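Trainee: I'd like to learn how to read a protein model. Could you walk me through it, one feature at a time?

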Amino acid sequence: MKTKIINTIQQWAPEAARLIPDLDTLDDSIADYLLLHKLAEVCSQKIGSGSEDELECVQEIAKVINLLYQGGNQYTRNAIENEFLTALSFEESPGSLKKHMDLFPIELRKGYIKTILEN
């Protein structure tokens, strides 16, 4: 049975789910973490491109992650913080913080700042 994270991302961000071809054969928790990490990599690449279309795509992905984060249990929130937000925060610099904050919904910004402070 697929988890809420997998189902949601496959429905709303299918391009990221396709990047992991053996997703259905993996243990659910491993698949959740791999999928969130891959989604963060996709977002990093799109942010780095600077293209307006790519940044809009990042905003859409952030909205999906925000829905999961806000409606999720502790496991879901931890997975998002550990794999999605942490991966994005590794590339953080003073110049990119404002850009990242502008791309995230308000609720997800709090989790992002928390993740940056904890790491």
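Mentor: Let's begin with T86, which is found in helix 5. Keep in mind that we're looking at a predicted model.

Trainee: Okay. Is T86 buried or exposed?

Mentor: Look at the relative accessibility and compare it with the cut-off: under 20% is buried, over 50% is exposed. T86 comes out at 12%, so it counts as buried.

Trainee: And what does T86 touch, leaving out residues up to four places away in sequence?

Mentor: Here you look for atoms of other residues within 4.5 Å. For T86 that gives E81, T115 and N119.

Trainee: Let me try helix 3. Which residues there can we look at?

Mentor: Take D32 and K46. D32 is found in helix 3, and helix 3 is the place of K46 too. D32 has a relative accessible area of 0%, so it is buried. K46 is at 17%, so it counts as buried as well.

Trainee: What are the contacts of D32, setting aside neighbours within four places in sequence?

Mentor: D32 is in contact with T3, I5, I6 and Y75. K46, with residues up to four places away again not counted, touches E54, L55, C57 and V58.

Trainee: L55 and V58 make me curious about helix 4. Which of its residues are buried?

Mentor: They are L55, V58, I61, A62, V64, I65, N66, L68 and Y69. The next thing to ask is what covers them: the cover includes helix 1 (4-12), helix 2 (14-17), helix 3 (28-49), helix 5 (74-89), helix 6 (94-103) and helix 7 (106-118).

Trainee: How do I check the length of a helix?

Mentor: You allow 1.5 Å for each residue step, then compare that with the distance between the end C-alpha atoms. Helix 4 has 20 residues, 52-71, so it should span 28 Å; its end C-alpha atoms are 29 Å apart, which agrees.

Trainee: What caps the N-terminal end of helix 4?

Mentor: That's S51: one of its side-chain oxygens lies 3.3 Å from the backbone nitrogen of D53.

Trainee: Which residues from elsewhere in the chain meet helix 4?

Mentor: T8 is a good case. T8 lies in helix 1, and at 16% relative accessibility it counts as buried. Not counting residues up to four places away, T8 touches A13, V64 and L68, and both V64 and L68 are among the buried residues of helix 4.

Trainee: How far apart are T8 and V64 in sequence and in space?

Mentor: They are 56 residues apart in sequence, and their C-alpha atoms are 7.6 Å apart. Now try another pair: D32 and K98 are separated by 66 residues in sequence and by 28 Å in space, C-alpha to C-alpha.

Trainee: What about N78 and P94?

Mentor: N78 has its place in helix 5. With a relative accessible area of 29%, N78 is partly exposed, since that value falls between the two cut-offs. P94 has its place in helix 6, and at 82% relative accessibility it counts as exposed. From C-alpha to C-alpha, P94 and Q45 are 18 Å apart, with their positions 49 residues apart in sequence.

Trainee: Next, rings! How many aromatic pairs does the structure hold?

Mentor: The structure holds 2 aromatic pairs. In one of them, the rings of F104 and Y112 have centres 5.0 Å apart and planes at 80°, so the pair is edge-to-face. In general, you describe a pair of aromatic rings by the distance of the centres and the angle of the planes.

Trainee: Are F104 and Y112 buried or exposed?

Mentor: F104 is at 3% relative accessibility, so it counts as buried. Y112 is at 0%, so it counts as buried too.

Trainee: Where does the charged end of R77 sit?

Mentor: It sits over the ring of Y69, 4.1 Å from the ring centre. You met Y69 earlier, among the buried residues of helix 4.

Trainee: Last one: what does UniProt list for residues 6-115?

Mentor: Its unreviewed entry lists "domain: DUF7674" there. Over that stretch, the chain is 81% helix and 0% strand, and the end C-alpha atoms are 22 Å apart.

How values were computed: Residues are numbered from 1 along each chain as its sequence is written. This is a predicted model: local features need pLDDT of at least 70, side-chain atom pairs count only at pLDDT 80 or more; totals for chains, interfaces and linings use all residues. Side-chain values use heavy atoms; hydrogens and water are left out. Helices (H or I, at least four residues) and strands (E, at least two) are DSSP runs, numbered from the N terminus. The expected span of a helix is 1.5 Å times one less than its number of residues. Buried means under 20% relative accessible area, exposed over 50%, partly exposed in between (1.4 Å probe, protein chains only). A polar contact is a pair of N or O atoms within 3.5 Å; within protein, one must be able to donate a hydrogen and the other to accept it, and residues adjacent in sequence count only if both atoms are side-chain atoms. UniProt positions are given in the numbering used here, feature names are shortened, and annotations may be inferred rather than shown by experiment. Rings of Phe, Tyr and Trp (its six-membered ring) pair if their centres lie within 6.5 Å; planes under 30 degrees apart count as stacked, over 60 as edge-to-face and the rest as tilted. A charge sits over a ring if NZ of Lys or CZ of Arg is within 6 Å of the ring centre and within 35 degrees of the ring normal.
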